[in-house]
Amino acid sequence: MTSIIGIPTTRVSDSFVRSRLMAQVQFDQRELFRLETQLSTGRRFEMPSDEPVAALRIMSLQRLLERKEQVQTNLHTNQAFMTSTDTALSRTSGLLAEARGTALSVMGSTASDEQRRTAAQQISQTLLNLIDTGNQKFRGRYLFSGSITDQMPFEVDSRGNVVYRGNDAGLESYADVDLLFQSNLTGVEVFGAWSDPVGGNDLRPVITNQTRLASLNGGMGIPRGSILISDGTTTKTIDLSQAETLEDVALAIRANPPDGKEAIVEITATGLTIRLQPPTGNLMILENPGGNTAQELGILAVSGVGGGTVIGSDLNPVLLSTTRLDDLLGARARACVHLAGSDNDLVIEANANGSALNGMTVELVDDPAIPVDGEYAEMVGSTIRVHIREGNTRAWRVRDEINELGLDFTARLDPLDEQAEGQGIVTITNPPLPTMSGGVDGDFDRSGIQIVNGGQTFTIMFGTASTVEDVLNAINGAKAGVLASLDPDRNGIEIRSRISGADFAIGENGGQTATQLGLRTFDAATALSTTNFGYGVPDVGDGHAVDFTITRADGTVMSINVTGAKTIGDVIATINAANGTHPQPLVAQVAEYGNGIELVDPLGDFTITRVAESLAAVDLGLMDRSETEYERVITGGHLVARDTAVRETEGLFTALLRLKNGLINNDLKEIERAVGLLDDSMLDLNFARADLGARQQGLDVLKERLDGEEIELRSVLSQDYDVDIAEVISNLTGRQVAMEAAMRATGMIFQMTLLNFL
C-alpha cells in the first residue's frame, strides 16, 4: 500500500484542503455528539429549534399529559374522600336503624316510665354518635361541611339543639381536563340540616337608568347586537354591542336618530319608550337581520306606530343585592320635560311610591314681566306651573324653582340629556304639558321582623337599610340561627333555619315587612290543616255545637263554633262574628307583633272555656297544651295565642330530638310524628348513598378511560420524541469509522513534505 495520496487535477491550495478536512472532522464530531446524546437520553432532539414542528407537537402532548396526571391525582383523592364519606353514611344508617328500633320497642301502652327514660338516654347517645359522624374529617377536610371544609359542620347549642355551620355548596374538582365533578355530600343532603325555605315573594324591582342588561328578562339578559330605527324614509343602525346598562341603550338610540329627527327615549319603571320629534313619518324599530335584540328589549315595532310612541314591554329585572329598597314593591310617578336643544331636559319624580301624583301636569309659562333670575314655580290645582323668561332661563334654574316648592316631588336634570349641569336655554316653541304617570302603590316597610328560633326571639330592624344587601346582612348578622339569601329565581328573599330540634317562625314587628317579603309563617291565609306540624285542628270537622266560649267582664258569653273553618282567617272571622251587636266588641286578629291569633277586649279581663270534649281552643293556641283545666283567665284583656304554624328543620337531628322529648314526656303523638320524620330522613339518606355510589362508579369509569388515554398519548409522544436505539447505534458506528478516516487523512496531509511528491 502506497502512502502517497493522489494529487487533485485542479489547482487547490493547501489552506483550502486543510480547512475542508477540519470542517469534516468538526462535522463528524458534532454528529457523534448528537448520536451519543440521543443514545444516552433516548430523545430525538434536545432543543426546540432542532425540529420546530415536532417540538410544538411534543410540548402540546406534554402539557396534556401533565394535566391528565393531575386529573389522575384528583380522581385518586376524590375516590378516597368518597370512600370515607360512604363509610360515614353506612355508620349513620346503622345508628338510625338502632334508634328506630329503640323507639318502636317502647311505643306501646305497656312500656313503663323507666323503660321510656332508658330509651330516651339511648336516643341521646345515638344523637351524640351521629353528631360525631357528621363532624368526621378526612385528610384535614370535614366531610359534610359543604365547601367550607375547614369549618366543623355541627355543634350543640346551650339549649341542646344542633346547629349546622356549613353550607350546601358542592366541592367540584376536575375529573378530566374539561369535566367538573362534585366529590362531596353536604350536611343538608345527608342530615337535612337546613329547613325548607320561607319566603320568595316577587318584590317587583323597578327599572332604573343603571339597570344592567344582564339582569333583565328574569336574569337571562339582553343580547347585545344592533337594531334599526326608521321613520319610514331613513333607517339608521344602532350598535348596542358595547352597551352595559339601559342608559347606554337610550344614549345610543338618541345619538343616531333618522335624518332630520330627534329620538326621545325615556326609561320608565318597567322598560323603554321611544318617540320621534317632530312626530312625522312612521316610527319603526326593527331587527338587524339575524338578531333579536329589539324583541328582547321589548321595543320591536315592525309595522310602526306612525307619529306615536313605542311603549316597551316589561323587562322583568331580577332582584340584586344592590337593588335599593325604594325601588321595590311599587313605583314612583314621574314626568319628563323634553325641550328643543340640549342640556335642558328635566325629570320630575315623586318622592315615594304611589299613585297619588299620577295625572299631575307640568307647565312652562313665558313671563316677560319677571326680572332676570326672577323665575318662580307655583302649584295651580294639579299643575306645576313654572314662570320663565323664554330664551334666557336655563334648565338648572327651572329645576331649583320646582324643588323650592318643597312638595312631594323632586326635579332633576335628565341624565340622558345633561351635558354641562343644565346650562341649556329653556325655549318654549309649543308649551308641552307632560303628565306624571307610572306611580304604583307599595313602599317597603322598614319596621322589621321577628324570628323565633332555637327557643329565642330575635327582633331585626331595617330602619337604616337602603339596599337588599343591607336587609340580608341584618338578618344573617342577628345570630338567629338562620340563613337569608336571594331565592333561586332572584325575585325575592328566602330564609332557612340552621337549627335542628327547635321551632322556627317568622312574624311581624308591628308592621308589614314580613308579609311584604313573603316571610311570615302565620297569617290569615294559613290553612288549619298545616298547623300543629300537620296535625291541624281536628275538631273543626267534629260538629260540636260549641267548641269554646269567651266570657267577657260584663258577663257576655261568646259561643264559638269553628266547624267548617279552613283557615286562620275563617277562625278570626268566626270569633268576631260572635260579638253580635255588642257596642264594644272583642277584636280577634292576626298578631301585630310575632305570630298567633290576637284577642283584644276593651272591657278588660276575659275567660276562655273549652266545652264538650273539643280541643279546638288548644289546637288554635288559645289554651296551653299543658293545661288540664277547661278554663283560662286572660288578665288585662289582651291575649296573643300560641303560634300553631311554627316550622322546623325536617332532618335526622330534629327527628331524634323530637323523639327523645316525646319519650321523656310520654307524648305518643310526638313519638309517632318523630318516627315518621325519622323514616323520611332515612329515605333521604338512602337516596344520598345511592347518589354517592353512582358518583363512585362514574369515577371508576373515568379512571379506566384516563388510563387508556394516557397509554395512547405516550405512544404518540414516543413516535415524535423517542429515537430508534438500533438505528442510533448503527449510525454512531458508521460515524465513528468516518471520523477515524478523516482524522487519519488529516494527519497524513499535515505531515507531507516535498519529498512525498518526488
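Trainee: What makes S9, S8 and S12 a sheet, and how are the strands ordered?

Mentor: In this predicted model, the three strands form an open sheet in the order S9-S8-S12, and the pairing is antiparallel. Two strands count as paired if there are at least two bridges between them. Strand S8, residues 226-230, and S9 have 5 bridges in the antiparallel sense, so by that rule they pair.

Trainee: Which residue of S9 is the bridge partner of Leu228?

Mentor: That's Thr237.

Trainee: Why are S9 and S12 called edge strands?

Mentor: Strand S9 (235-239) and strand S12 (284-287) each pair on one side only. As for the twist, neighbouring strands in the sheet S9-S8-S12 are turned by 30 degrees against each other on average, ignoring direction.

Trainee: Let's move on to Thr644. Why is Thr644 called buried?

Mentor: Buried means under 20% relative accessible area. Thr644 comes out at 3%, so it counts as buried. You'll find Thr644 in the loop between strand S33 (638-640) and helix H12 (652-665).

Trainee: Which residues does Thr644 touch?

Mentor: Leaving out residues up to four places away in sequence, Thr644 touches Phe522, Thr531, Asn532, Asp619, Leu620 and Gly621.

Trainee: How do you know that Asp679 and Arg100 form a salt bridge?

Mentor: Side chains of opposite charge can pair when their charged atoms come close. The rule here asks for a side-chain nitrogen of Lys or Arg within 4 Å of a carboxyl oxygen of Asp or Glu. For Asp679 and Arg100 the closest N and O atoms are 2.5 Å apart, so the pair passes. Asp679 lies in helix H13 (residues 668-721) and Arg100 in helix H2 (residues 52-105), so the salt bridge ties together parts that are 579 residues apart in sequence.

Trainee: And are Asp679 and Arg100 buried or exposed?

Mentor: Neither, really. Partly exposed covers the range between 20% and 50%. Asp679 has 27% relative accessibility, so it counts as partly exposed, and Arg100, with 28%, is partly exposed too.

Trainee: What makes Arg446 and Asp326 a salt bridge?

Mentor: Their side chains meet at 3.3 Å, N to O, and the cut-off is 4 Å, so they qualify. Arg446 sits in the loop between strand S19 (409-413) and strand S20 (449-453), while Asp326 is in the loop between strand S13 (310-311) and strand S14 (334-337), so the pair ties together parts 120 residues apart in sequence. Arg446 is partly exposed at 24%, and Asp326 is partly exposed at 31%.

Trainee: Why is Glu648 called buried, and what about its partner Arg673?

Mentor: Glu648 has a relative accessible area of 6%, so it's buried. Arg673 has 19%, and because the limit is under 20%, Arg673 counts as buried as well. Glu648 and Arg673 form a salt bridge whose closest N and O atoms are 2.5 Å apart. Glu648 is in the loop between S33 and H12, and Arg673 is in helix H13, 25 residues away.

Trainee: Which residues are linked with Glu648 and Arg673 in a network of salt bridges?

Mentor: Asp503, Arg658 and Glu670 are linked with them. By this rule the count comes to 29 salt bridges.

Trainee: Last one: what makes Leu39 fit into a nonpolar surface patch?

Mentor: Patch residues need over 30% relative accessible area. Leu39 has 34%, so it is partly exposed and clears that cut-off. Leu39, in helix H1 (residues 14-41), makes the patch of about 230 Å² together with Ile725 and Ile729.

Definitions and conventions: Residues are numbered from 1 along each chain as its sequence is written. This is a predicted model: local features need pLDDT of at least 70, side-chain atom pairs count only at pLDDT 80 or more; totals for chains, interfaces and linings use all residues. Side-chain values use heavy atoms; hydrogens and water are left out. Helices (H or I, at least four residues) and strands (E, at least two) are DSSP runs, numbered from the N terminus. Axes are lines fitted to C-alpha atoms, for helices over the stretch in contact, and angles run from 0 to 180 degrees between N-to-C directions. Buried means under 20% relative accessible area, exposed over 50%, partly exposed in between (1.4 Å probe, protein chains only). Contact means heavy atoms within 4.5 Å. Patches are made of residues with over 30% relative accessible area and no salt bridge: like charges are joined within 9 Å, nonpolar side chains (Val, Leu, Ile, Met, Phe, Trp, Tyr) within 5 Å. Accessible areas come from the Shrake-Rupley method with a 1.4 Å probe; for residues, only the protein chains shown count as cover.
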